[in-house]
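Ready for some practice in reading a protein model? Take a look at the sequence and the structure, then work through the exercises step by step.

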Amino acid sequence: CTDKGRDLERTIVQMAQEADLPLVGPNCMGIFNPKIGLRNFPELYAGESGPVGFLSQSGTHGYNFALMGALQGIKVSKLISYGNAVVLDSPDYLEYLRDDAETSIIGMYIEGVRDGRRLFRLLQELTPRKPVVIWKGGQTEAGTRATASHTGSLAESMLIWRAVMRQTGAIEVDSLEDMLDTMAAFLFVQPTTQDRVALISMTGGQSVVTTDAFAKAGLQVPTLSQRSYERLGGFFNIVGGSYRNPID
């Protein structure tokens with residue numbers, strides 16, 4: 001951010017406040033509402049919406065979420081790229097999505113927030129009703145420097161952010177792929193109260209890293225019952241394979 005840029009931004013804020021204008025941005029791509037055909041890129045879809053509300057301080061992350069998500073059957077109700085958030089900030093958009101009947105799941109790419117207590121209270125209220133998945137940008141010292149130049153967001157400790165997510169029930173992800181996978185799980189996987197999983201893989205190495213990933217997530221990968229092993233042993237004849245769990 002240059003001094004001239006900061007001066008222009010202050011002028012924009014003053015004009016918006018004097019006019020009582022709920023300004024989105026600046027430094028953003030604005031609103032994508034597919035149901036009414038409001039797009040911020042011509043490649044985005046129109047006419048058919050979905051249940052996912054998405055807030056993003058990055059225009060590119062928002063655009064990629066919409067495009068890549070649609071390929072996986074994940075479509076948005078409203079997507080808001082809000083950039084520097086000089087008038088409206090993430091809590092304002094969360095309040096809107098909280099009350100939006102077309103939104104049942106909320107995702108966020110966020111670099112910083114001005115009113116952290118308000119965000120905390122909103123997340124506490126929201127997560128029992130609508131899952132909130134948060135991808136925090138600027139997790140490292142170098143990353144916080146990048147967010148300062150990108151959206152003017154101040155450095156904030158990841159310890160604080162993780163505590164906020166843990167205490168409010170928000171779900172932390174670290175990439176666009178994680179965000180999409182988590183959204184897909186909410187949309188397409190049947191809810192369960194169990195933590196024991198059976199895994200199937202195509203190769204031995206894949207079975208090892210898959211098992212590690214599930215175990216690190218706090219899920220159990222137990223051995224199967226003797227009856228299951230007897231049934232599997234009747235037809236499982238793959239050389240080099242295994243059916244202990246994971247099944248390779």
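Two exercises on this predicted model follow, each with a worked solution.

**Exercise 1.** Find out which strands pair with β2, and whether the faces of β2 are covered or open.

*Solution.*
- Step 1: Begin with the strand itself. β2 covers residues 52–56, and five of its five residues are buried.
- Step 2: Check each side. V52, F54 and S56 are buried on one face, and G53 and L55 are buried on the other. Both faces are therefore covered, since buried means under 20% relative accessible area.
- Step 3: Look for partners. β2 pairs in the parallel sense with β3 (residues 76–81) over four bridges, and F54 stands opposite L79 there.
- Step 4: β4 (residues 105–110) is also a parallel partner, with five bridges to β2. Here L55 stands opposite M108.
- Step 5: Trace the path from β2 through helix α2 (residues 59–71) to β3, and you have a right-handed β-α-β unit.

**Exercise 2.** Work out which residues form salt bridges with K78, and whether those residues are buried or partly exposed.

*Solution.*
- Step 1: Recall that side chains of opposite charge can pair when their charged atoms come close.
- Step 2: K78 forms a salt bridge with D100, with the closest N and O atoms 3.0 Å apart. K78 sits in β3 and D100 in the loop between α3 and β4, 22 residues apart.
- Step 3: K78 also meets E102 in a salt bridge at 2.7 Å, N to O. E102 lies in the loop between α3 and β4, so this pair ties together parts 24 residues apart in sequence.
- Step 4: Compare accessibility. D100 is buried at 8%, while E102 is partly exposed at 28%. K78 itself is buried, at 7%.

Methods. Residues numbered from 1 in each chain as written. Predicted model: local features only at pLDDT ≥ 70, side-chain atom pairs only at ≥ 80, totals over all residues. Heavy atoms only, no water. Buried < 20%, exposed > 50% of the residue type's maximum accessible area, 1.4 Å probe, protein only. Helix = DSSP H or I, 4+ residues; strand = E, 2+ residues; numbered from the N terminus. Pairing = 2+ DSSP bridges. Right-handed = clockwise from strand over helix to strand, strands pointing away. Salt bridge = Lys/Arg side-chain N within 4 Å of Asp/Glu carboxyl O.
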